[in-house]
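Colleague: Could you take a close look at one part of this model for me, strand by strand, and then show me how the rest of it compares in layout? I'm happy with a long answer.

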Amino acid sequence: MLKLILATAAALPVAAGATVAATGVAWVDVREGGPNGTRIVVPVPLLAAELASAFVPIPDIASEMGEARQHLGAARKVLDALGESPDGELVRVEDKDETVVIAKEGDTLRVHVSGKNEDIDVNVPLESAAQVIRPDGRIDPAAAVRGLRHARFQTLVEVRDGDDHVKISLW
Amino acid sequence: MNRTALAGVGAALVVAGVVGLGVAQARTDGASAAETTGPSGAPAWLHVRVDEHGKSSKVRVNVPLTVVEAALEAAPSQIVDKGRIKIDLGHDRHDGDEGHDLSLAQMRKIWQSLKDAGDTEIVSVEQEDETVKVARKGDLVQVRVSKPSGEEEVQVDVPVSLVDAVLAGPGDSVDVKMVIRELRARRGDIVRVNDKDSAVRIWIDESAAGEAR
């Protein structure tokens, strides 16, 4: 009996770990610059994030969006069309001190902003972005997190501002 | 002990495997959907270039025409209704100012009578501070705005076929589908605007990066 309890006790963490690994983990890595800068790394299982996001009240988000809400249907269709279109650089804005580049690479929309002292990279999985918008034109945060499962093993957001560094990546 | 432990770990792996398979299946579905809906042949791209003379700032926009179509077709009904964009050129203003704009129907009428006339000056408005001329030259409709000094301030060139598509159909609205059809078939410049401060060029080709011309 003791053996069975031990086996079960050993199996549960393995199963939990394997499930978390199979469904994905978002790593939030914040590094503060300077000699006394701190570093915080927070692993967030996508399954837990999905569960938490399911409790976000959808009507509240919709009311916050105001007039933008009526354009959600159009945005979804544009995202779908973008997902099916060939890869390429979509937008490049070059100014004296700043460059903004938006490019489509595979299933990802990459936004890169480089300035004098800062660099920002945002990679938006198109699948996930499209799933945020429900067919009825409402926002679904849980679906957005679910969509991130299609975008694993990449960096979602990376911000370098001087010595400070923030990175959110999916494993 | 070994057997029960193995059974426990095995059960754990089965649970993980089922979840993993679910994820893998979802990813495969996504990939195959992207492959089957991908464009065949060379897709058309709409390019916009804005360069400011004497400044380092520039804007480059390259959009697949399919995305432009999706945006136009999916535009809210107050912008696009039944495939047509309602145009208000100010001819029915209620603020007491009659305005100088022509209605789309009036423009359409004028265009129909002028487009077969070959190369001709369509409009010439000479004012104290500037002169506006609209003329047809070959396959282009040219708009020129110049100052009395003779310096050309603004040049706009639009293909005749695009003007045709914009002015096709009845009423005070533009048939979006007709314009899309024209854009789909067109390769080359759509609009060129040059003034003393900047140059804007909009064109369609089959290159994602857009050829520098």
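Modeller: Gladly! Let's start in chain B, where β6(B) and strand β7 (residues 140-146) run antiparallel and are joined by seven bridges. Please keep in mind throughout that this is a predicted model. To find your place in the pairing, look for B:Val132, whose bridge partner in β7(B) is B:Val145. The link between β6(B) and β7(B) is a hairpin with two residues between the strands. B:Gly138 sits in that turn, and its phi is positive, at about 65 degrees.

Now go to the other partner of this strand. Strand β6 (residues 131-137) of chain B also pairs with strand β5 (residues 120-126) of chain B, again in the antiparallel sense, over six bridges. Here B:Thr120 has B:Arg136 as its bridge partner in β6(B). This connection is a hairpin too, with four residues between β5(B) and β6(B). So much for the part itself; next, its surroundings in the chain.

Chain B contains five helices and 11 strands. Of its 213 residues, 11% count as buried. Taking contacts between residues at least 6 apart in sequence, 44% join residues at least 24 apart.

Another run of pairing in chain B is centred on strand β1 (residues 45-52). Seven bridges tie β1(B) to strand β2 (residues 58-64) in an antiparallel arrangement, and B:Leu46 has B:Val63 as its bridge partner in β2(B). The hairpin of β1(B) and β2(B) has five residues between the strands, and B:Gly54 takes a positive phi near 75 degrees there. β1(B) is also joined to strand β11 (residues 198-205) of chain B, by eight bridges, and these strands run antiparallel as well. In that pairing B:Asp51 stands opposite B:Ala199 of β11(B).

Chain B also offers a helix pair worth a look. Two packed helices are described by the angle between their axes and the distance between the axes. For helix α2 (residues 65-73) and helix α5 (residues 176-185) of chain B, the axes come within 11 Å and cross at roughly 175 degrees. That angle makes α2(B) roughly antiparallel to α5(B), because it is over 145 degrees. On the α2(B) side the contact is made by B:Leu65, B:Glu69 and B:Leu72, and on the α5(B) side by B:Val176, B:Ile180, B:Leu183 and B:Arg184. Sorted by class, this contact has five nonpolar residues, two charged ones and no polar ones.

Over in chain A, you can look for hairpins as well. There, strand β3 (residues 88-94) and strand β4 (residues 99-105) pair in the antiparallel sense over six bridges, with A:Glu89 standing opposite A:Ala103. A hairpin joins β3(A) to β4(A) through four residues. β4(A) then pairs with strand β5 (residues 108-114) of chain A, antiparallel and over seven bridges, and A:Thr99 stands opposite A:Ser114 of β5(A). The hairpin of β4(A) and β5(A) has two residues between the strands, and A:Gly106 takes a positive phi near 60 degrees in it.

As for chain A as a whole, it has six helices and eight strands, arranged along the sequence as α-β-β-α-α-α-β-β-β-β-α-α-β-β. Of its 171 residues, 22% count as buried. Among its contacts with a separation of 6 or more, 44% come from residues 24 or more positions apart. One of its helices is α2 (residues 46-53), whose buried residues are A:Leu46, A:Ala49 and A:Glu50. Viewed down the axis of α2(A), these buried residues fall within an arc of 100 degrees, so they line one face of the helix.

One last residue for your viewer is A:Pro43, which belongs to strand β2 (residues 39-45) of chain A. A:Pro43 counts as exposed because it has 12 C-beta neighbours inside 10 Å. Leaving aside residues up to four places away in sequence, A:Pro43 touches A:Val25 and A:Trp27. A:Pro43 and A:Trp171 are 128 residues apart in sequence, while their C-alpha atoms are 9.6 Å apart in space.

Note on methods: Residues are numbered from 1 along each chain as its sequence is written. Chains are lettered from A and ligands numbered from 1 in the order in which they are written. This is a predicted model: local features need pLDDT of at least 70, side-chain atom pairs count only at pLDDT 80 or more; totals for chains, interfaces and linings use all residues. A residue is buried if 20 or more other C-beta atoms lie within 10 Å of its own, exposed if 12 or fewer, and partly exposed in between; C-beta atoms are placed from the backbone. The arc is that of the directions from the helix axis to the C-beta atoms. Two strands pair if DSSP finds at least two bridges between them. Two residues are in contact if their C-beta atoms, placed from the backbone, lie within 7 Å. Axes are lines fitted to C-alpha atoms, for helices over the stretch in contact, and angles run from 0 to 180 degrees between N-to-C directions. Angles under 35 degrees count as roughly parallel, over 145 as roughly antiparallel, 65 to 115 as roughly perpendicular and the rest as oblique. Ala, Val, Leu, Ile, Met, Phe, Trp, Tyr, Cys and Pro count as nonpolar, Asp, Glu, Lys and Arg as charged, and the others, Gly among them, as polar.
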